[in-house]
Amino acid sequence: QVQLVESGGGLVQAGGSLRLSCAASGSIFSIKAMGWYRQAPGKQRELVAQITSGGMTNYVDSVKGRFTISRDSAKNTVYLQMAGLKPDDTAVYYCNVRMSVIGIDVRDYWGQGTQVTVSS
């Protein structure tokens, strides 16, 4: 069994900062990639940032230069440092981990979601 626990969401004024964390635990065999998605009301879920097991990162254009994704491999934890937040960043943010667990092939696992609200 695998569990993803997210933390760090909240309410912040425009221009402010937040850091999201997501810790994976359980019978993890190998993590391929870790990332963050978000879904705003009435919109499709979109990839915000991802980091691979090799350390390669990619970001959606709208957050480049403002958000930074990082990971602590020893703790199976991924972070999203968000700065210069804008009201358009308001959404539920979901942690995503692509990994294999003991006895199961590689698949995506999702966190429960954490609300980020940016006021103008």
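**Disulfide, sheet and core of the predicted model**

At a relative accessibility of 0%, Cys95 counts as buried, since the cut-off for burial is under 20%. The structure described here is a predicted model, and the values reported are computed from it. Cys22 is likewise buried, with a relative accessible area of 0%. These two residues form a disulfide in which the sulfur atoms lie 2.1 Å apart. A search of the whole structure finds one disulfide. The link between Cys22 and Cys95 is left-handed, with -80° about the S-S bond. Because Cys22 belongs to strand β3 and Cys95 to strand β9, the pair ties together parts that are 73 residues apart in sequence. In general, a disulfide is a covalent bond between the sulfur atoms of two cysteines.

Strand β3, which carries Cys22, is part of an open sheet of four strands. The order in this sheet is β1-β3-β8-β7, and the pairing is antiparallel. Strands β1 and β7 are the edge strands, each of them pairing on one side only. On average, neighbouring strands of the sheet are turned by 15° against each other when direction is ignored. In general, the strands of a sheet pair through backbone hydrogen bonds, either parallel or antiparallel.

The individual pairings can be followed across the sheet from β1 to β7. Strand β1, residues 2-7, pairs with β3 in the antiparallel sense over six bridges. Here Glu6 has Cys22 of β3 as its bridge partner. Strand β3 is in turn joined to β8 by six bridges, and the two run antiparallel. Cys22 takes part in this pairing as well, its bridge partner in β8 being Val78. The cysteine of the disulfide in β3 thus has a bridge partner in β8 and is itself the bridge partner of Glu6. Strands β7 and β8 also pair in the antiparallel sense, over six bridges. In that pairing, Ile69 stands opposite Leu80 of β8.

The largest nonpolar core of the model has 30 residues. Those with the most contacts inside this core are Leu4, Trp36, Phe67, Val78, Leu80, Met82 and Tyr93. Two or more core residues are given by each of β3 (18-26), β4 (28-39), β5 (46-52), β7 (67-72), β8 (77-82), β9 (91-101) and β11 (114-119). The largest share, six residues, comes from β9, the strand in which Cys95 lies. Val78 and Leu80, both among the residues with the most contacts in the core, also appear in the strand pairings: Val78 is the partner of Cys22, and Leu80 stands opposite Ile69.

Two polar residues were examined in their surroundings. Gln50 lies in strand β5 and is buried, with a relative accessible area of 15%, a value that falls under the 20% cut-off. Leaving aside residues up to four places away in sequence, Gln50 touches Ala33, Met34, Gly35, Met56, Thr57, Asn58 and Ile69. Of these, Ile69 is the residue that stands opposite Leu80 in β8.

Ser30 is placed in strand β4. The side chain of Ser30 makes a polar contact of 3.3 Å with the side chain of Lys32. With residues up to four places away in sequence left out, Ser30 touches Arg98, Met99 and Ser100.

How values were computed:
Residues are numbered from 1 along each chain as its sequence is written. This is a predicted model: local features need pLDDT of at least 70, side-chain atom pairs count only at pLDDT 80 or more; totals for chains, interfaces and linings use all residues. Side-chain values use heavy atoms; hydrogens and water are left out. A nonpolar core is a set of buried Ala, Val, Leu, Ile, Met, Phe, Trp, Tyr and Cys residues joined through side-chain atoms within 4.5 Å. Buried means under 20% relative accessible area, exposed over 50%, partly exposed in between (1.4 Å probe, protein chains only). Two strands pair if DSSP finds at least two bridges between them. Axes are lines fitted to C-alpha atoms, for helices over the stretch in contact, and angles run from 0 to 180 degrees between N-to-C directions. A disulfide is a pair of cysteine sulfur atoms within 2.5 Å. A polar contact is a pair of N or O atoms within 3.5 Å; within protein, one must be able to donate a hydrogen and the other to accept it, and residues adjacent in sequence count only if both atoms are side-chain atoms. Contact means heavy atoms within 4.5 Å.
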